[in-house]
Amino acid sequence: MNFVTRGVGAAVLAFALTGCATADNPHDPLERFNRAMFSFNDAIDQTALKPAAIAYQSTLPSFMQTGIGNFFGNISDIWSSVNNLLQGKLDEGVSDFMRVALNSSFGLGGVLDIASDAGMPKHKEDFGQTLGKWGVASG
(Lines give C-alpha, C1' and ligand atoms only; values in the text may rest on other atoms or scores of the structure.)
Protein backbone atom coordinates (compact mmCIF):
# COMPACT_ATOMS: atom_id res chain seq x y z
CA MET A 1 0.00 0.00 0.00
CA ASN A 2 1.25 3.39 -0.80
CA PHE A 3 0.88 6.57 1.20
CA VAL A 4 -2.19 7.86 -0.72
CA THR A 5 -4.13 4.59 -0.36
CA ARG A 6 -3.47 4.48 3.37
CA GLY A 7 -4.45 8.13 3.75
CA VAL A 8 -7.72 7.64 1.88
CA GLY A 9 -8.46 4.49 3.89
CA ALA A 10 -7.80 6.31 7.17
CA ALA A 11 -10.05 9.21 6.11
CA VAL A 12 -12.91 6.85 5.15
CA LEU A 13 -12.55 4.99 8.47
CA ALA A 14 -12.53 8.24 10.47
CA PHE A 15 -15.62 9.49 8.63
CA ALA A 16 -17.45 6.20 9.23
CA LEU A 17 -16.68 6.26 12.95
CA THR A 18 -17.86 9.82 13.55
CA GLY A 19 -21.59 9.08 13.24
CA CYS A 20 -24.26 11.72 13.33
CA ALA A 21 -24.11 13.81 16.48
CA THR A 22 -26.77 16.33 15.53
CA ALA A 23 -29.90 14.14 15.49
CA ASP A 24 -32.25 14.38 18.45
CA ASN A 25 -32.48 11.24 20.52
CA PRO A 26 -36.12 10.38 21.37
CA HIS A 27 -34.91 8.54 24.49
CA ASP A 28 -33.24 11.67 25.82
CA PRO A 29 -35.64 14.63 25.88
CA LEU A 30 -32.96 16.83 27.47
CA GLU A 31 -30.31 16.16 24.82
CA ARG A 32 -30.22 19.74 23.51
CA PHE A 33 -29.98 21.15 27.03
CA ASN A 34 -27.26 18.62 27.94
CA ARG A 35 -25.23 19.52 24.85
CA ALA A 36 -25.54 23.25 25.59
CA MET A 37 -24.59 22.71 29.25
CA PHE A 38 -21.61 20.57 28.24
CA SER A 39 -20.41 23.29 25.85
CA PHE A 40 -20.77 25.92 28.57
CA ASN A 41 -18.94 23.79 31.17
CA ASP A 42 -16.20 22.92 28.69
CA ALA A 43 -15.68 26.60 27.85
CA ILE A 44 -15.43 27.51 31.56
CA ASP A 45 -13.04 24.63 32.12
CA GLN A 46 -10.75 25.63 29.24
CA THR A 47 -10.72 29.37 29.94
CA ALA A 48 -10.69 29.53 33.75
CA LEU A 49 -10.36 26.26 35.63
CA LYS A 50 -7.58 24.58 33.67
CA PRO A 51 -5.29 27.64 33.76
CA ALA A 52 -5.97 28.02 37.49
CA ALA A 53 -5.13 24.36 38.09
CA ILE A 54 -1.92 24.66 36.08
CA ALA A 55 -0.92 27.79 38.02
CA TYR A 56 -1.75 26.03 41.32
CA GLN A 57 0.43 23.05 40.45
CA SER A 58 3.32 25.07 39.10
CA THR A 59 3.53 27.76 41.79
CA LEU A 60 2.56 26.16 45.12
CA PRO A 61 5.18 23.95 46.73
CA SER A 62 4.16 20.32 47.18
CA PHE A 63 3.99 20.60 50.99
CA MET A 64 1.37 23.35 50.64
CA GLN A 65 -0.62 21.28 48.15
CA THR A 66 -0.51 18.37 50.60
CA GLY A 67 -1.70 20.63 53.42
CA ILE A 68 -4.62 21.90 51.36
CA GLY A 69 -5.53 18.32 50.42
CA ASN A 70 -5.34 17.31 54.09
CA PHE A 71 -7.61 20.19 55.08
CA PHE A 72 -10.35 19.19 52.64
CA GLY A 73 -9.80 15.51 53.50
CA ASN A 74 -10.43 16.38 57.14
CA ILE A 75 -13.75 17.95 56.16
CA SER A 76 -14.70 14.84 54.17
CA ASP A 77 -13.94 12.70 57.23
CA ILE A 78 -16.88 14.41 58.96
CA TRP A 79 -19.27 13.10 56.31
CA SER A 80 -17.61 9.68 56.33
CA SER A 81 -18.14 9.53 60.08
CA VAL A 82 -21.83 10.42 59.76
CA ASN A 83 -22.36 7.89 56.97
CA ASN A 84 -20.55 5.15 58.89
CA LEU A 85 -22.78 5.79 61.89
CA LEU A 86 -25.92 5.77 59.72
CA GLN A 87 -24.80 2.43 58.26
CA GLY A 88 -24.38 0.96 61.72
CA LYS A 89 -20.59 0.85 61.50
CA LEU A 90 -20.04 2.29 64.96
CA ASP A 91 -16.31 1.53 65.22
CA GLU A 92 -15.51 3.18 61.89
CA GLY A 93 -17.82 6.13 62.61
CA VAL A 94 -16.21 6.82 65.97
CA SER A 95 -12.75 6.34 64.44
CA ASP A 96 -13.48 8.90 61.72
CA PHE A 97 -14.91 11.31 64.29
CA MET A 98 -11.72 10.93 66.35
CA ARG A 99 -9.64 11.54 63.19
CA VAL A 100 -11.45 14.85 62.70
CA ALA A 101 -11.02 15.80 66.35
CA LEU A 102 -7.31 14.93 66.38
CA ASN A 103 -6.50 16.56 63.04
CA SER A 104 -8.55 19.66 63.83
CA SER A 105 -7.01 20.10 67.29
CA PHE A 106 -3.39 19.13 66.84
CA GLY A 107 -3.10 19.19 63.06
CA LEU A 108 -3.58 22.93 62.61
CA GLY A 109 -7.22 22.68 61.58
CA GLY A 110 -6.63 19.59 59.49
CA VAL A 111 -3.65 20.89 57.51
CA LEU A 112 -1.50 18.18 59.09
CA ASP A 113 -2.77 14.59 59.01
CA ILE A 114 -1.69 13.49 62.46
CA ALA A 115 -4.37 10.80 62.71
CA SER A 116 -2.88 8.71 59.88
CA ASP A 117 0.53 8.90 61.52
CA ALA A 118 -1.13 7.76 64.77
CA GLY A 119 -2.49 4.64 63.01
CA MET A 120 -6.09 5.76 62.57
CA PRO A 121 -7.19 4.63 59.09
CA LYS A 122 -9.36 6.74 56.84
CA HIS A 123 -12.77 5.23 55.94
CA LYS A 124 -14.34 6.61 52.78
CA GLU A 125 -18.11 6.31 52.97
CA ASP A 126 -20.71 8.34 51.13
CA PHE A 127 -24.45 8.86 51.26
CA GLY A 128 -25.03 6.56 48.28
CA GLN A 129 -23.52 3.69 50.28
CA THR A 130 -25.73 4.64 53.22
CA LEU A 131 -28.84 4.58 51.04
CA GLY A 132 -27.76 1.20 49.66
CA LYS A 133 -27.34 -0.14 53.18
CA TRP A 134 -30.90 0.91 53.94
CA GLY A 135 -32.26 -0.86 50.85
CA VAL A 136 -32.59 1.99 48.37
CA ALA A 137 -31.85 0.73 44.85
CA SER A 138 -29.18 2.46 42.80
CA GLY A 139 -30.19 4.94 40.14
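This passage describes the fold of a predicted protein model, one of its helices and selected residues. In this predicted model, local features need pLDDT of at least 70 and side-chain atom pairs count only at pLDDT 80 or more, whereas totals for chains, interfaces and linings use all residues. Residues are numbered from 1 along each chain as its sequence is written, and side-chain values use heavy atoms, with hydrogens and water left out.

The protein contains 6 helices and 0 strands, where helices (H or I, at least four residues) and strands (E, at least two) are DSSP runs numbered from the N terminus. The order of elements from the N terminus is α-α-α-α-α-α. Of its 139 residues, 17% are buried; buried denotes under 20% relative accessible area, exposed over 50%, and partly exposed the range in between (1.4 Å probe, protein chains only). The exposed surface of the protein amounts to about 10400 Å², of which carbon and sulfur atoms supply 69%; these areas come from the Shrake-Rupley method with a 1.4 Å probe, and for residues only the protein chains shown count as cover. Among contacts (heavy atoms within 4.5 Å) with a separation of 6 or more, 49% join residues 24 or more positions apart.

Helix 4 comprises 17 residues, 90-106, and reaches 24 Å from its first C-alpha to its last. This span is close to the expected 24 Å, which is calculated as 1.5 Å times one less than the number of residues. Its buried residues are Gly93, Ser95, Asp96, Arg99, Val100 and Asn103. They lie on the same side of helix 4 because they cover an arc of only 165° around the axis, the arc being that of the directions from the helix axis to the C-beta atoms. These buried residues pack against helix 3 (62-86) and helix 5 (114-117). On the other side of helix 4, Leu90, Asp91, Phe97, Ser105 and Phe106 are exposed. Leucine 108, which follows helix 4, has a positive phi near 55°.

Asparagine 74 lies in helix 3 and, at 6% relative accessibility, counts as buried. Apart from neighbours within four places in sequence, asparagine 74 contacts Arg99, Val100, Asn103, Ser104, Gly109 and Gly110. Asparagine 74 and alanine 101 are separated by 27 residues in sequence and by 9.2 Å in space, C-alpha to C-alpha.

The whole structure yields 1 aromatic pair. Phenylalanine 71 and phenylalanine 72 form this edge-to-face pair, with 5.2 Å centre to centre and 80° between the planes. Rings of Phe, Tyr and Trp (its six-membered ring) pair if their centres lie within 6.5 Å; planes under 30 degrees apart count as stacked, over 60 as edge-to-face and the rest as tilted. Phenylalanine 71 is partly exposed, at 33% relative accessibility.
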